[in-house]
Amino acid sequence: MEELRQVLRDQDRENVQNAFYIGGSGGERDAGSSDPEWQITQDMQFLLRVACTTALYPLEYAKTLIQIGYEPIAPRPGRTLFGERRLMLPNVFQYAGYIKSVDGFFGCFRGLSARLVGNFLSSYYGGVLADRLGYLEPPKRKDTGRLSYNDDRHLLKMEFVMNLKRNLVVHSTGVVISQPFYVISIRMMAQFVGRERIYTGLVASIKEIWKTEGVAGFFSGLIPRLVCDLGCVLIGSTLTYLLSATIVEGESSRNNLNTLSHFTVSSLLYPYHVVSTCMIVNGSRLKAGNLPLMDNYINWKDCYAKLRATNEHKRGSSLFFRAVPKAITKASNIFAPYPEMK
(Lines give C-alpha, C1' and ligand atoms only; values in the text may rest on other atoms or scores of the structure.)
Protein backbone atom coordinates (compact mmCIF):
# COMPACT_ATOMS: atom_id res chain seq x y z
CA MET A 1 0.00 0.00 0.00
CA GLU A 2 2.83 2.37 0.88
CA GLU A 3 4.53 1.65 -2.45
CA LEU A 4 1.29 2.45 -4.30
CA ARG A 5 1.00 5.77 -2.49
CA GLN A 6 4.58 6.64 -3.42
CA VAL A 7 3.91 5.80 -7.07
CA LEU A 8 0.81 8.05 -7.05
CA ARG A 9 2.76 10.90 -5.43
CA ASP A 10 5.51 10.59 -8.03
CA GLN A 11 2.92 10.60 -10.81
CA ASP A 12 1.25 13.73 -9.43
CA ARG A 13 4.64 15.46 -9.17
CA GLU A 14 5.38 14.57 -12.77
CA ASN A 15 2.00 15.95 -13.85
CA VAL A 16 2.74 19.23 -12.09
CA GLN A 17 6.13 19.51 -13.76
CA ASN A 18 4.82 18.57 -17.20
CA ALA A 19 2.02 21.11 -16.91
CA PHE A 20 4.60 23.90 -16.97
CA TYR A 21 6.02 23.22 -20.41
CA ILE A 22 4.76 23.76 -23.91
CA GLY A 23 5.81 20.91 -26.15
CA GLY A 24 8.94 18.78 -25.94
CA SER A 25 10.36 16.68 -23.16
CA GLY A 26 12.23 17.75 -20.06
CA GLY A 27 15.52 17.90 -21.96
CA GLU A 28 14.03 20.51 -24.30
CA ARG A 29 12.89 22.91 -21.60
CA ASP A 30 15.74 25.33 -22.15
CA ALA A 31 15.65 25.15 -25.92
CA GLY A 32 13.30 28.12 -26.24
CA SER A 33 16.06 30.65 -25.79
CA SER A 34 17.82 29.38 -28.94
CA ASP A 35 14.64 28.97 -30.98
CA PRO A 36 14.74 31.34 -34.02
CA GLU A 37 10.98 31.92 -33.80
CA TRP A 38 11.34 32.85 -30.12
CA GLN A 39 14.13 35.29 -30.97
CA ILE A 40 12.05 36.88 -33.73
CA THR A 41 9.18 37.31 -31.30
CA GLN A 42 11.46 39.02 -28.78
CA ASP A 43 12.89 41.33 -31.45
CA MET A 44 9.41 42.22 -32.69
CA GLN A 45 8.27 42.99 -29.17
CA PHE A 46 11.23 45.31 -28.66
CA LEU A 47 10.62 47.10 -31.96
CA LEU A 48 6.95 47.44 -31.09
CA ARG A 49 7.83 49.02 -27.74
CA VAL A 50 10.16 51.48 -29.48
CA ALA A 51 7.45 52.37 -32.01
CA CYS A 52 4.83 52.88 -29.30
CA THR A 53 7.18 54.99 -27.18
CA THR A 54 7.99 57.18 -30.19
CA ALA A 55 4.40 57.55 -31.35
CA LEU A 56 3.06 58.43 -27.90
CA TYR A 57 5.97 60.64 -26.87
CA PRO A 58 4.23 63.98 -27.63
CA LEU A 59 1.51 62.99 -25.17
CA GLU A 60 4.17 61.97 -22.63
CA TYR A 61 5.79 65.36 -23.20
CA ALA A 62 2.54 67.17 -22.45
CA LYS A 63 1.90 65.00 -19.40
CA THR A 64 5.38 65.79 -18.02
CA LEU A 65 4.78 69.53 -18.26
CA ILE A 66 1.43 69.05 -16.55
CA GLN A 67 3.11 67.13 -13.74
CA ILE A 68 5.52 69.98 -12.99
CA GLY A 69 2.57 72.37 -12.86
CA TYR A 70 3.00 74.26 -16.13
CA GLU A 71 -0.36 75.43 -17.49
CA PRO A 72 0.14 77.90 -20.36
CA ILE A 73 -3.48 77.77 -21.54
CA ALA A 74 -6.13 79.47 -19.41
CA PRO A 75 -8.91 77.15 -18.20
CA ARG A 76 -12.48 77.67 -19.27
CA PRO A 77 -15.78 77.08 -17.51
CA GLY A 78 -17.02 73.59 -18.19
CA ARG A 79 -18.25 70.38 -16.63
CA THR A 80 -16.43 67.37 -15.26
CA LEU A 81 -17.13 63.79 -16.26
CA PHE A 82 -19.82 63.68 -13.55
CA GLY A 83 -21.47 66.95 -14.61
CA GLU A 84 -20.04 69.24 -11.94
CA ARG A 85 -19.39 72.82 -13.05
CA ARG A 86 -15.69 73.61 -12.76
CA LEU A 87 -12.90 75.49 -14.47
CA MET A 88 -11.56 72.97 -17.00
CA LEU A 89 -7.99 72.81 -18.27
CA PRO A 90 -7.13 71.68 -21.84
CA ASN A 91 -6.85 67.94 -22.37
CA VAL A 92 -3.55 66.28 -23.18
CA PHE A 93 -4.15 66.42 -26.95
CA GLN A 94 -4.81 70.16 -26.86
CA TYR A 95 -1.73 70.57 -24.71
CA ALA A 96 0.41 68.59 -27.19
CA GLY A 97 -1.05 70.75 -29.98
CA TYR A 98 0.10 73.86 -28.11
CA ILE A 99 3.65 72.46 -27.87
CA LYS A 100 3.58 71.78 -31.61
CA SER A 101 2.39 75.33 -32.33
CA VAL A 102 5.37 76.73 -30.40
CA ASP A 103 8.22 74.34 -31.32
CA GLY A 104 6.92 72.65 -34.45
CA PHE A 105 6.43 68.94 -35.11
CA PHE A 106 9.95 67.81 -34.25
CA GLY A 107 9.88 69.93 -31.11
CA CYS A 108 7.31 67.49 -29.73
CA PHE A 109 10.02 64.83 -29.53
CA ARG A 110 12.57 66.71 -27.42
CA GLY A 111 14.27 64.23 -25.07
CA LEU A 112 13.17 61.15 -26.99
CA SER A 113 16.72 59.93 -27.67
CA ALA A 114 17.60 59.87 -23.96
CA ARG A 115 14.34 58.10 -23.16
CA LEU A 116 14.95 55.38 -25.76
CA VAL A 117 18.52 54.79 -24.58
CA GLY A 118 17.29 54.47 -21.00
CA ASN A 119 14.52 52.08 -21.98
CA PHE A 120 16.91 49.87 -23.93
CA LEU A 121 19.48 49.65 -21.14
CA SER A 122 16.73 49.08 -18.59
CA SER A 123 15.05 46.22 -20.44
CA TYR A 124 18.32 44.52 -21.40
CA TYR A 125 20.38 44.70 -18.24
CA GLY A 126 17.42 44.15 -15.94
CA GLY A 127 16.78 40.77 -17.52
CA VAL A 128 20.49 39.91 -17.68
CA LEU A 129 21.01 40.56 -13.96
CA ALA A 130 17.92 38.55 -13.03
CA ASP A 131 19.21 35.62 -15.10
CA ARG A 132 22.67 35.86 -13.53
CA LEU A 133 21.15 35.79 -10.05
CA GLY A 134 19.10 32.73 -10.96
CA TYR A 135 15.68 34.42 -10.95
CA LEU A 136 14.27 32.82 -14.09
CA GLU A 137 10.80 33.14 -15.54
CA PRO A 138 8.48 30.25 -14.75
CA PRO A 139 7.92 28.08 -17.85
CA LYS A 140 4.48 28.32 -19.40
CA ARG A 141 1.92 25.68 -18.57
CA LYS A 142 1.17 23.03 -21.16
CA ASP A 143 -2.01 21.46 -19.89
CA THR A 144 -3.82 22.03 -16.61
CA GLY A 145 -6.96 20.08 -17.44
CA ARG A 146 -5.78 16.99 -15.61
CA LEU A 147 -4.42 18.83 -12.56
CA SER A 148 -6.22 18.56 -9.26
CA TYR A 149 -7.29 21.59 -7.28
CA ASN A 150 -4.29 21.31 -4.93
CA ASP A 151 -1.84 20.89 -7.82
CA ASP A 152 -3.24 23.96 -9.57
CA ARG A 153 -2.87 26.04 -6.41
CA HIS A 154 0.66 24.70 -5.92
CA LEU A 155 1.60 25.72 -9.47
CA LEU A 156 -0.04 29.09 -8.98
CA LYS A 157 2.03 29.75 -5.87
CA MET A 158 5.26 28.67 -7.58
CA GLU A 159 4.56 30.95 -10.52
CA PHE A 160 3.74 33.85 -8.20
CA VAL A 161 6.95 33.51 -6.20
CA MET A 162 9.17 33.08 -9.27
CA ASN A 163 7.58 35.98 -11.14
CA LEU A 164 7.64 38.28 -8.12
CA LYS A 165 11.32 37.69 -7.36
CA ARG A 166 12.33 38.16 -10.98
CA ASN A 167 10.15 41.23 -11.55
CA LEU A 168 11.45 42.96 -8.43
CA VAL A 169 15.03 42.46 -9.60
CA VAL A 170 14.26 43.44 -13.20
CA HIS A 171 12.31 46.57 -12.28
CA SER A 172 14.65 47.81 -9.54
CA THR A 173 17.69 47.29 -11.77
CA GLY A 174 15.94 48.87 -14.74
CA VAL A 175 14.90 51.97 -12.80
CA VAL A 176 18.39 52.55 -11.37
CA ILE A 177 20.14 52.04 -14.71
CA SER A 178 17.72 54.18 -16.70
CA GLN A 179 17.41 57.00 -14.13
CA PRO A 180 20.25 59.18 -15.51
CA PHE A 181 18.70 59.10 -18.97
CA TYR A 182 15.24 59.60 -17.49
CA VAL A 183 16.51 62.73 -15.71
CA ILE A 184 17.99 64.07 -18.95
CA SER A 185 14.76 63.40 -20.83
CA ILE A 186 12.59 65.16 -18.23
CA ARG A 187 14.86 68.19 -18.08
CA MET A 188 14.98 68.47 -21.85
CA MET A 189 11.20 68.68 -21.83
CA ALA A 190 11.09 71.09 -18.86
CA GLN A 191 13.18 73.58 -20.87
CA PHE A 192 9.98 74.38 -22.73
CA VAL A 193 8.80 76.44 -19.75
CA GLY A 194 11.69 78.93 -19.61
CA ARG A 195 12.81 78.52 -23.24
CA GLU A 196 16.34 77.59 -22.13
CA ARG A 197 18.95 75.85 -24.25
CA ILE A 198 20.91 74.11 -21.49
CA TYR A 199 20.13 70.45 -22.20
CA THR A 200 20.67 70.44 -25.95
CA GLY A 201 21.81 66.85 -26.41
CA LEU A 202 22.79 63.70 -24.61
CA VAL A 203 26.48 64.56 -24.21
CA ALA A 204 25.84 68.22 -23.35
CA SER A 205 23.25 67.19 -20.76
CA ILE A 206 25.64 64.75 -19.10
CA LYS A 207 28.29 67.49 -18.87
CA GLU A 208 25.78 69.97 -17.44
CA ILE A 209 24.53 67.66 -14.71
CA TRP A 210 28.04 66.48 -13.81
CA LYS A 211 29.34 70.05 -13.60
CA THR A 212 26.49 71.54 -11.56
CA GLU A 213 25.25 68.66 -9.39
CA GLY A 214 27.70 65.80 -9.59
CA VAL A 215 26.72 62.15 -9.51
CA ALA A 216 23.69 62.84 -7.30
CA GLY A 217 22.11 64.90 -10.06
CA PHE A 218 21.80 61.87 -12.31
CA PHE A 219 19.65 60.17 -9.68
CA SER A 220 17.29 63.01 -8.78
CA GLY A 221 13.80 61.69 -8.07
CA LEU A 222 15.00 58.08 -7.90
CA ILE A 223 13.38 57.06 -4.60
CA PRO A 224 9.77 58.06 -5.40
CA ARG A 225 10.13 56.45 -8.81
CA LEU A 226 11.31 53.23 -7.18
CA VAL A 227 8.43 53.38 -4.70
CA CYS A 228 5.94 53.77 -7.55
CA ASP A 229 7.45 51.07 -9.77
CA LEU A 230 8.23 48.42 -7.15
CA GLY A 231 4.99 49.15 -5.31
CA CYS A 232 3.03 48.40 -8.48
CA VAL A 233 4.91 45.12 -8.94
CA LEU A 234 4.64 43.97 -5.32
CA ILE A 235 1.07 45.00 -4.53
CA GLY A 236 -0.33 44.26 -8.00
CA SER A 237 1.22 40.79 -8.19
CA THR A 238 0.16 39.90 -4.64
CA LEU A 239 -3.39 41.07 -5.24
CA THR A 240 -3.57 39.06 -8.46
CA TYR A 241 -2.28 35.94 -6.74
CA LEU A 242 -4.68 36.18 -3.79
CA LEU A 243 -7.72 36.65 -6.01
CA SER A 244 -6.58 33.93 -8.42
CA ALA A 245 -6.08 31.48 -5.58
CA THR A 246 -9.49 32.13 -4.03
CA ILE A 247 -11.96 33.43 -6.61
CA VAL A 248 -10.79 33.66 -10.23
CA GLU A 249 -10.39 30.52 -12.36
CA GLY A 250 -9.00 30.13 -15.88
CA GLU A 251 -5.83 31.47 -17.44
CA SER A 252 -7.51 34.18 -19.54
CA SER A 253 -9.47 35.49 -16.57
CA ARG A 254 -6.33 35.57 -14.46
CA ASN A 255 -4.46 37.48 -17.17
CA ASN A 256 -7.24 40.06 -17.29
CA LEU A 257 -7.19 40.24 -13.50
CA ASN A 258 -3.44 40.85 -13.55
CA THR A 259 -3.87 43.77 -15.95
CA LEU A 260 -6.70 45.26 -13.90
CA SER A 261 -4.80 44.87 -10.62
CA HIS A 262 -1.67 46.57 -11.88
CA PHE A 263 -3.71 49.39 -13.43
CA THR A 264 -5.55 49.98 -10.16
CA VAL A 265 -2.37 49.95 -8.08
CA SER A 266 -0.54 52.23 -10.50
CA SER A 267 -3.40 54.72 -10.22
CA LEU A 268 -3.13 54.68 -6.42
CA LEU A 269 0.64 55.18 -6.53
CA TYR A 270 0.54 57.79 -9.30
CA PRO A 271 1.32 60.70 -6.91
CA TYR A 272 4.82 59.27 -6.46
CA HIS A 273 5.30 59.57 -10.21
CA VAL A 274 4.42 63.26 -9.98
CA VAL A 275 6.81 63.71 -7.05
CA SER A 276 9.62 62.02 -8.98
CA THR A 277 9.13 64.33 -11.97
CA CYS A 278 9.07 67.44 -9.77
CA MET A 279 12.20 66.38 -7.86
CA ILE A 280 14.06 65.79 -11.14
CA VAL A 281 13.46 69.40 -12.18
CA ASN A 282 13.62 71.00 -8.72
CA GLY A 283 16.90 72.72 -7.90
CA SER A 284 18.28 72.60 -11.44
CA ARG A 285 19.21 75.69 -13.44
CA LEU A 286 15.87 75.56 -15.22
CA LYS A 287 13.25 78.22 -14.47
CA ALA A 288 10.63 75.49 -14.20
CA GLY A 289 12.41 74.04 -11.15
CA ASN A 290 12.84 77.18 -9.07
CA LEU A 291 10.79 79.96 -7.49
CA PRO A 292 8.39 81.42 -8.34
CA LEU A 293 7.36 78.62 -10.69
CA MET A 294 8.10 75.78 -8.27
CA ASP A 295 8.67 75.59 -4.53
CA ASN A 296 12.10 74.66 -3.22
CA TYR A 297 11.56 71.21 -1.76
CA ILE A 298 13.83 69.86 0.99
CA ASN A 299 13.39 66.27 -0.19
CA TRP A 300 10.84 64.08 -1.94
CA LYS A 301 8.77 63.67 1.24
CA ASP A 302 8.49 67.45 1.56
CA CYS A 303 7.47 67.62 -2.09
CA TYR A 304 4.78 64.99 -1.59
CA ALA A 305 3.43 66.73 1.53
CA LYS A 306 3.18 70.14 -0.16
CA LEU A 307 1.59 68.78 -3.32
CA ARG A 308 -0.92 66.81 -1.31
CA ALA A 309 -1.75 69.82 0.85
CA THR A 310 -2.71 71.80 -2.26
CA ASN A 311 -4.49 68.86 -3.92
CA GLU A 312 -1.96 68.83 -6.76
CA HIS A 313 -0.41 65.42 -6.10
CA LYS A 314 -2.38 63.87 -8.98
CA ARG A 315 -1.48 66.35 -11.70
CA GLY A 316 -1.71 64.63 -15.08
CA SER A 317 -3.62 61.57 -13.86
CA SER A 318 -6.62 62.61 -15.94
CA LEU A 319 -5.80 63.18 -19.59
CA PHE A 320 -9.20 64.38 -20.78
CA PHE A 321 -11.41 65.88 -18.05
CA ARG A 322 -8.85 68.08 -16.31
CA ALA A 323 -10.37 70.34 -13.68
CA VAL A 324 -8.50 73.08 -11.81
CA PRO A 325 -7.71 71.85 -8.27
CA LYS A 326 -9.97 73.38 -5.65
CA ALA A 327 -7.07 74.23 -3.34
CA ILE A 328 -4.63 76.59 -5.04
CA THR A 329 -1.54 78.25 -3.59
CA LYS A 330 0.01 81.50 -4.77
CA ALA A 331 3.05 79.71 -6.11
CA SER A 332 1.16 77.33 -8.34
CA ASN A 333 -0.82 77.60 -11.56
CA ILE A 334 0.41 81.11 -12.28
CA PHE A 335 1.18 80.66 -15.95
CA ALA A 336 -2.15 81.87 -17.31
CA PRO A 337 -4.93 84.09 -15.93
CA TYR A 338 -7.98 82.20 -14.72
CA PRO A 339 -11.37 83.46 -15.90
CA GLU A 340 -14.22 83.90 -13.49
CA MET A 341 -17.05 81.41 -13.42
CA LYS A 342 -20.29 82.74 -14.89
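Biologist: Which residues do ring pairs link into a cluster?
Modeller: Ring pairs join Tyr-61, Tyr-70, Tyr-98 and Phe-192. This is a predicted model. The structure holds 11 aromatic pairs.

Biologist: What makes Tyr-70 and Phe-192 an aromatic pair, and an edge-to-face one?
Modeller: Their ring centres lie 6.1 Å apart, and a pair needs centres within 6.5 Å. The planes stand at 65°. The edge-to-face label needs an angle over 60 degrees. The pair meets each cut-off, so edge-to-face is the right label.

Biologist: What makes this pair a tie between parts of the chain?
Modeller: Tyr-70 sits in the loop between helix H3 (57–67) and strand E1 (76–79), whereas Phe-192 belongs to helix H6 (residues 149–194). These parts are 122 residues apart in sequence, so the ring pair ties them together.

Biologist: Why is Tyr-70 called buried?
Modeller: Its relative accessibility is 9%. Buried means under 20%, so Tyr-70 qualifies.

Biologist: And how do you know that Phe-192 is buried or exposed?
Modeller: Phe-192 has 2% relative accessibility. That value is under the 20% limit, so Phe-192 counts as buried.

Biologist: Why is the pair of Phe-93 and Phe-320 called tilted?
Modeller: The ring centres are 5.7 Å apart, with the planes at 35°. Stacked would need under 30 degrees and edge-to-face over 60. An angle of 35° meets neither condition, so the pair is tilted.

Biologist: Where do Phe-93 and Phe-320 lie?
Modeller: Phe-93 is part of helix H4 (residues 92–103). Phe-320 is in the loop between helix H11 (300–309) and strand E3 (322–323). The pair therefore ties together parts that are 227 residues apart in sequence.

Biologist: Why is Phe-93 called partly exposed?
Modeller: Phe-93 has a relative accessibility of 47%. Exposed needs over 50%, and buried needs under 20%. The value falls in between, so Phe-93 is partly exposed.

Biologist: How do you know that the charged end of Arg-195 sits over the ring of Phe-192?
Modeller: The charged end lies 5.0 Å from the ring centre. The distance cut-off is within 6 Å, and the position must also be within 35 degrees of the ring normal. Arg-195 is listed as sitting over the ring, so the angle condition is met too.

Biologist: Which ring does Arg-225 lie over?
Modeller: Arg-225 lies over the face of Tyr-182, at 4.1 Å from the ring centre. That is within the 6 Å limit.

Biologist: What makes the backbone of Arg-195 stand out?
Modeller: Its phi is positive, about 60°, and Arg-195 is not a glycine. Most residues other than glycine have a negative phi. Arg-195 is in the loop between H6 and helix H7 (202–212). At 45% relative accessibility, Arg-195 counts as partly exposed.

Biologist: What is the phi of Asn-311?
Modeller: Asn-311 has a positive phi near 60°, and it is not a glycine. Its place is the loop between H11 and E3. Its relative accessible area is 41%. That lies between 20% and 50%, so Asn-311 is partly exposed.

Biologist: Which peptide bond is cis, and how do you know that?
Modeller: The bond from Leu-291 to Pro-292 has omega near 5° and is cis. Most peptide bonds are trans. Pro-292 lies in the loop between helix H10 (270–281) and H11.

Technical notes. Residues numbered from 1 in each chain as written. Predicted model: local features only at pLDDT ≥ 70, side-chain atom pairs only at ≥ 80, totals over all residues. Heavy atoms only, no water. Phe/Tyr/Trp six-rings, centres within 6.5 Å; stacked < 30°, edge-to-face > 60°. Helix = DSSP H or I, 4+ residues; strand = E, 2+ residues; numbered from the N terminus. Buried < 20%, exposed > 50% of the residue type's maximum accessible area, 1.4 Å probe, protein only.
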